[in-house]
Amino acid sequence: MKNLLKKILNYFNRIYWIEYDKRHFPSPLPHVEIDSSPQHVILDSNPHAYPTPEEFQAVKWQCLHQFNSHIQSVSGLFQDKKSQKILENFLLMRCFQNDLIRFNLATEIAENTTHSIGQIAFYIKGFPVWRLVDEHQYYPADIIHLSDHEVFLDGGAWVGDTIHQFLQETNNKYDGIYAFEASPNNYQECLKGIAAINHEKKIQVLNYGLGKEGQSLYFPKEGLCGDPLMEIPSEALKDYTKVEIVDIKQVLTKEQLYSITFVKLDIEGSELAALKNMEDFIREKRPKLAICVYHKLEDIFEIPLYIKSLFEPEDGYEMYLRHHENGIYETVLYCIPIPRHNQDRLES
């Protein structure tokens, strides 16, 4: 992946030279045909239909500035070609977050389909990963292998959906679950779901946010919520519930924390802070990790590099990226501990 950035910019150049046949946009999704060796730029009577070369160059340099410092250092961390391809396409998706390019392209496509401009703009934003989507988020069969004695940390439990997945994956054979859900309404729904499966003694659901201690989150008092606010105007306080973010070591005992064998974090951009709070535990116990890396652009770089920094090269994790949605979300970093051969021999 030495020339990954060059590949991205070359691809980005080609987008400016897109030549598409309008017959290639049947329902349900638009499809873009890209000429690999373009010989002419699209001409349009509307001078604002596409960015000018100067505007386009500015966008390219913005991408360079965002990606260049980290790309080479992180691209060699992943174990398989699929992960490397997902990294490349994740960055392409970020390129397409530029509204000028995305919405002008969507406008012309929309004129020849039944889709709205907004729908097509969303598809364009996510199209680089359409063919790389994996089912079984947090439990991809080629990466995550669970025993009959797992202890699961579910950070960002929502309404208990990943808990139910975990129970299916383990066939109800496991040792325990610690689930953290910050939203009070989501937390209540999660409790209801757990009560229905009659596993209360093995599952603890905790109404805390994980991340940087001392910060607060605000959740609407009505309805379920996946995107909390960090700040709200004083006049809106009556409509929100304030929830404190905690260091996990404040809530779980050392014995409880060190019993965990599998960590999943989907906590709206607080993943790195939560991992840092568990640094000693991760160093010593090396649990399996499934960490969302899409909430912030820098997460896909900073989180793998941080985890790598905790270990000697031969004593850390194998890392994989997988993408689990036909869109711009749900990119997950999976970390599987490298066997400690010397330790294994001593214990045997």
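Is Phe 152 buried or exposed, and what is its relative accessible area? In this predicted model, Phe 152 is buried, with a relative accessible area of 0%. The close-up views below begin with its ring and continue to other sites.

**Figure 1. Close-up of the aromatic pair formed by Tyr 139 and Phe 152.** The ring centres of Tyr 139 and Phe 152 are 6.5 Å apart and the planes stand at 55°, so the pair is tilted. Tyr 139 belongs to the loop between α5 (117-126) and β1, while Phe 152 belongs to strand β1; the pair thus links distant parts of the chain, 13 residues apart. Tyr 139 is buried as well, at a relative accessible area of 2%. Ring pairs join Tyr 139 and Phe 152 with Phe 166, Tyr 174 and Phe 262 in a cluster. The ring of Tyr 174 also has the charged end of Lys 202 over it, 4.0 Å from the ring centre.

**Figure 2. Close-up of the aromatic pair formed by Tyr 294 and Tyr 329.** This pair is tilted, with 6.0 Å from centre to centre and 55° between the planes. Tyr 294 is found in the loop between β8 (288-292) and α11 (299-309), and Tyr 329 in the loop between β9 (317-323) and β10 (331-337), so the pair ties together parts that are 35 residues apart in sequence. Tyr 294 is buried, with a relative accessible area of 8%, whereas Tyr 329 is partly exposed, with a value of 40%.

**Figure 3. Close-up of Lys 264 in strand β7 (residues 262-265).** Lys 264 is buried, its relative accessible area being 1%. Its side chain reaches the backbone oxygen of Gly 156 at 2.6 Å. Setting aside residues up to four places away in sequence, Lys 264 touches Tyr 138, Phe 152, Leu 153, Asp 154, Gly 155, Gly 156, Ala 157, Thr 162 and Ala 290. The C-alpha atoms of Lys 264 and Ala 290 are separated by 4.6 Å, although these residues are 26 residues apart along the chain.

**Figure 4. Close-up of helix α6 (residues 161-170) and its buried residues.** The buried residues of α6 are Thr 162, Ile 163, Phe 166, Leu 167 and Thr 170. They cover an arc of only 145° around the axis, which puts them on the same side of α6. An α-helix has 3.6 residues a turn, so residues three or four places apart point the same way. The elements covering the buried residues of α6 include β1 (151-155), β2 (176-180), α7 (184-197), β3 (203-206) and β7. After α6 comes Asn 171, with a positive phi near 55°.

**Figure 5. Close-up of helix α7 and its surroundings.** Helix α7 has 14 residues and reaches 21 Å from its first C-alpha to its last, close to the 20 Å expected at 1.5 Å a residue. Its buried residues are Pro 184, Asn 186, Tyr 187, Cys 190, Gly 193 and Ile 194. Among the elements that cover them are α6, β3, β5 (216-220) and β6 (240-246). Asn 198, which follows α7, has a positive phi near 60°.

**Figure 6. Close-up of Ser 270 in the loop between β7 and α9 (271-277).** Ser 270 is buried, with a relative accessible area of 16%. Apart from its neighbours within four places in sequence, Ser 270 is in contact with Leu 210 and Gly 211.

**Figure 7. Close-up of Lys 276 and the ring of Tyr 306.** The charged end of Lys 276 sits over this ring, 5.8 Å from its centre.

Note on methods:
Residues numbered from 1 in each chain as written. Predicted model: local features only at pLDDT ≥ 70, side-chain atom pairs only at ≥ 80, totals over all residues. Heavy atoms only, no water. Helix = DSSP H or I, 4+ residues; strand = E, 2+ residues; numbered from the N terminus. Buried < 20%, exposed > 50% of the residue type's maximum accessible area, 1.4 Å probe, protein only. Contact = heavy atoms within 4.5 Å. Polar contact = N/O pair within 3.5 Å; in protein donor to acceptor, adjacent residues only side chain to side chain. Arc of directions from axis to C-beta. Expected span 1.5 Å × (residues − 1). Phe/Tyr/Trp six-rings, centres within 6.5 Å; stacked < 30°, edge-to-face > 60°. Lys NZ or Arg CZ within 6 Å of the ring centre and 35° of its normal.
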